[in-house]
Structures are given as structure tokens and as C-alpha cells.
Amino acid sequence: MAKLKSSFFCKNCGAQSAKWMGRCPSCGEWNTFEEEILVRADPPKGKSSGMGIPSSPKLIEDISLTELPRLKSGFRELDGVLGGGIVRGSIILLGGEPGIGKSTLLLQMAMALSDTKVLYVSGEESESQLKMRAERLEINTNTEHCYILTETNTQEIFQHIDQLRPDVIIIDSIQTLQSNLLDSASGSISQIKECAAEFQHLAKTTAIPVFLIGHITKDGTLAGPKILEHIVDTVLQFEGDQHYGYRIVRCTKNRFGSTSELGIFEMTGNGLREVLNSSEILLSQRDEDFSGNAIAAILEGNRPLMIETQALVSSAVYGMPQRSATGYDIRRMNMLLAVLEKRCRFKLGAKDVFINIAGGIHVEDPAINLSIVAAILSSVTDIPIDAKTCFAGEMGLNGEIRAVTRIEQRITEADKLGFTRIFLSKYNMKGLKQNQFGIELIPIGKIDEIFALLFEPRESKS
Ligand code: TYD
Ligand code: MG
């Protein structure tokens, strides 16, 4: 006999409660509890993977380590983010805003994975829509290993998996799945949890890697992927600005690798293209030198990137000066401006200041500070900075330039890309030898020094 049962779930963090509560005790959000009807049909016969091997406790010594090689996804960028390829039996969540390219990435991967049977389960698009998408993608290998299934019921999906025995499973998306064991609507917290748990069980018992796609909205109201983070092995986040072609895959949790990896893709007319030489695309295309541009040597994850920072400083025309920053924290910008005002005696209080980071990327690395400061100074004085100069340093409140992490990696990248000088903190010079690199190292201690070093030799030349 089915027993009617309902429970309340927090929309924000997924906490469960038997009764309604105004405030979630686990995440502190107000008015997030919603009732979901859970009807347990006949008692579930174990978990429903259908392929389960009976489990029993084992001595750790007796467990044989049959480590299968990781599967290669066909994308070097994606393999890098996953820590060297897809681990068998792992469950990977790919989260991102709608329209960012999650389905494209995984369908492309599915089609490019040669000699591997892939099952792409879609609850979002019809077979013909998927075919249309596949036609757009430029895939050179044959795709006879790639199966499409449009189904949302997990029990049905498991039956097909039983018959087909794929090597990789892709679920697009977890929010569309529905398990027979629960009566709540697909996309509800209880369904998402249950379906993910069923797939996790499948992955662990059959060693088939499972990719789950999950949507997150800008304000994070649909909490699906958040609740999944502790169920899955790896969480990949797909980011990027809709208006720019560049997409970043970032790893925020990985049981089988480091989380500091990053993959860069470009969305083109025929699918995603890997960007292997990332620095080149982030340096804007310009022939002549303009004032207000400076190049920063930053690290995104483990990856050194040369990125262009732009500043525009102009007299405020309409009363209140405007301050705006794209790709950079505006509070940090205000802090830099205050330091420049106080330590370098630049009158910036009555100026409009705009900061822009090329490529639509948001940068957290504080080593970008020095480049932003240089761009501001260049715009104020209207003197361009030589295009072969770059910066890596953090500025403190007293105008002191602080050391940044892994400076050698940054210098090597700048050197490789043909820069001739790099400004860095004098505290970073410990252990570095000038003649170790082809690029000239210019150490600075305080922000006032940068002015003379940057602009005066040029002026005397002209
Ligand atoms: P999609 O993978 O459907 O996004 P998601 O699954 O994350 O919701 O990608 C949608 C966007 O990608 C859409 O706006 C069109 C664009 N796109 C291209 O620019 N080129 C292509 O080859 C494809 C397939 C999509
Ligand atoms: Mg999609």
C-alpha cells in the first residue's frame, strides 16, 4: 500500500524538515521551505540501478587495486580540468547558466570520444533537435558509438543502460529527471536528490562515468546543483559572458585531482573550440599604442595568463563622478584610487573612472592590481605604456607593492609571449636572477616609483 508522505525542503540549500519553517536553520534564508509530496510506492527493492553487485564488508588489504586508465574526453582542456581525464565510475556535475553551452560541450565530447560507447540522455531536447545540433558541430571522427535517448524516467533509463552497456553516460539535465520512487515533480529538490543518488549508485557499482548537467540561474534560486555538490565526485562550473565567445570550465570540487585547473573554450558557429594558447586571445588586437592600456600577468588556477586591463579616466561632467568596473571588483578599484590619491597626489576624486578587463573574464587574482594602477596612471597622463611591458604585483594601502605567488611562472609566460619587461614587487626578487630570463625584471617597492620608471625614460627619448 502506498503511504502518502510529504516533506518540506529548503529551496536554497536543500535542507529537509518534517514541518514548515519560516527560516531555514541550516542556511539562514527566509521563506524558502516548500512542501513536496513524496509517495513511496511499493518498498523499493534496493536501489534501482538494476546492475548492482551485492556488497559485503572487505578488509582494505584484500581490496585489489585495478586502476583502469582514465578515459580521454577528446578535449585536452577538459581532461586537464578533470585532473587528467575521466575517472571510471566517477560522477561529474557540470553546472552553468542556461544557454552557456553545457549541452554543446557534452554532445561534442560524446561525439568525439572515439572507441567509447556513449549514451547521451536528454530530457530537454527532442531527437531531431539534437540531430540538428549535432549537424552544426564539426566532428571529424565517425560517430557510430554515440547513442541518443530522450527519456526522463530514471527506471526506464536504467533499463536502456542495462541493455546498451555504455562506457560513458551523459544526463542532460538532472532537473528534468524523474524517479518512480517519488511523486514530486521533476526539478524539485527531492527528485533531484533521489535521481542523483540513483545515478551515483549506478556509477559506483558499474564503473561507468556519469556526467550530470545542472542549471543554475543568475540569482541562484534554482538550487539544484548546489545540493548535488556533496553527492558527486567532481563539480565543474561552466562560466562566461553571453556576449563574448569565451567560456571557462572551472573545477570547484574534485575527488580525483586538483581544483585549481581551468579550461578555456571559444564558442564558434560550429561548436566549442579549445583555446590552447589562452594568452594570445586575451590581449586585445591593436596596432598603435593608446593610453590607458596595461597588461597583467595573472594566474587563473594553475594557469598563467596575460590579460589586458584598460582604464579610462576623464573629468566628470555630470556632478557625481562615475565609477564603473567590468571584470573587476569595484570596491578594490575604489581602494586603488584612494591609495593613488593619497600616496601619489593624483586628484582623482572629481574624475570618472572606468575599468575594463578584456575578454569578459572576471579576475580575482590580486596580482592584477599593479596593471590596473598602471592603466589608470597612463590614462590620467595620457601617455601610452609600451605594448611589450607587463605587470604582476599587488598594491597595499600604503602604496607598497607586495609580492605575489608563483612569480616565476608568470615571468616565464610573459617571456614566452615576447614581452620585454615586467614590473614586479621588489620582495619577489628573492631567489630570482636577472639573467635567468630573457625578459627584463623591474622591481619596485612603492607605487610612486612606477611613475618615473614607466613614463620618464620615454619622455626624455622624445
Ligand atoms: P547550449 O549548449 O544549448 O546551452 P545550455 O545547454 O548550457 O543551455 O548552447 C546554447 C548557445 O550556444 C546558443 O545560444 C547558441 C550557441 N551555439 C553556438 O554559438 N554554436 C554552436 O555550434 C552551437 C551548437 C550553439
Ligand atoms: Mg542544454
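This short presentation introduces a predicted model of one protein chain with a bound ligand.

Allow me to begin with conventions. Because the model is predicted, local features need pLDDT of at least 70 and side-chain atom pairs count only at pLDDT 80 or more, while totals for chains, interfaces and linings use all residues. Residues are numbered from 1 along each chain as its sequence is written, chains are lettered from A and ligands numbered from 1 in the order in which they are written, and side-chain values use heavy atoms, with hydrogens and water left out.

I turn to the chain as a whole. The secondary structure comprises 11 helices and 21 strands; these are DSSP runs numbered from the N terminus, helices being H or I with at least four residues and strands E with at least two. Of the 462 residues, 48% are buried. Here buried means under 20% relative accessible area, exposed means over 50%, and partly exposed lies in between, with a 1.4 Å probe and protein chains only. Among contacts (heavy atoms within 4.5 Å) with a separation of 6 or more, 68% join residues 24 or more positions apart. The chain exposes about 22,200 Å², and carbon and sulfur atoms supply 51% of that area. Accessible areas come from the Shrake-Rupley method with a 1.4 Å probe, and for residues only the protein chains shown count as cover.

Next, the ligand. Which residues are closest to ligand 1? They are G99, K102, S103, T104 and G271, within a shell of 15 surrounding residues; a residue belongs to the shell if one of its heavy atoms lies within 4 Å of the ligand. Helices α2 (102–112) and α3 (127–136) and strand β11 (262–268) each supply at least two shell residues, and α2 gives the most, with 3. By class, the shell holds 3 nonpolar, 8 polar and 4 charged residues. In this scheme Ala, Val, Leu, Ile, Met, Phe, Trp, Tyr, Cys and Pro count as nonpolar, Asp, Glu, Lys and Arg as charged, and the others, Gly among them, as polar.

Several polar contacts can be named, each a pair of N or O atoms within 3.5 Å; within protein, one atom must be able to donate a hydrogen and the other to accept it, and residues adjacent in sequence count only if both atoms are side-chain atoms. An oxygen atom of ligand 1 lies 2.7 Å from a polar backbone atom of G99. For side-chain N or O atoms, the distance from a ligand oxygen is 2.5 Å at S103 and 2.6 Å at T104. Taken alone, ligand 1 exposes 560 Å², of which the protein buries 76%.

Within the protein, R247 belongs to strand β10 (residues 246–254). R247 counts as buried because its relative accessible area is 4%. A polar atom of the R247 side chain lies 2.7 Å from the backbone oxygen of I100.

Finally, the backbone. Most residues other than glycine have a negative phi, and most peptide bonds are trans. Where is R165 found? R165 is in the loop between α4 (154–164) and β7, with a positive phi near 50 degrees; R165 counts as exposed because its relative accessibility is 52%. R406, in the loop between β19 (401–402) and α10 (407–416), has a positive phi near 40 degrees and is partly exposed at 41%. The peptide bond from D172 to S173 is cis, with omega near -5 degrees, and S173 sits in the loop between β7 (168–172) and α5 (189–206).
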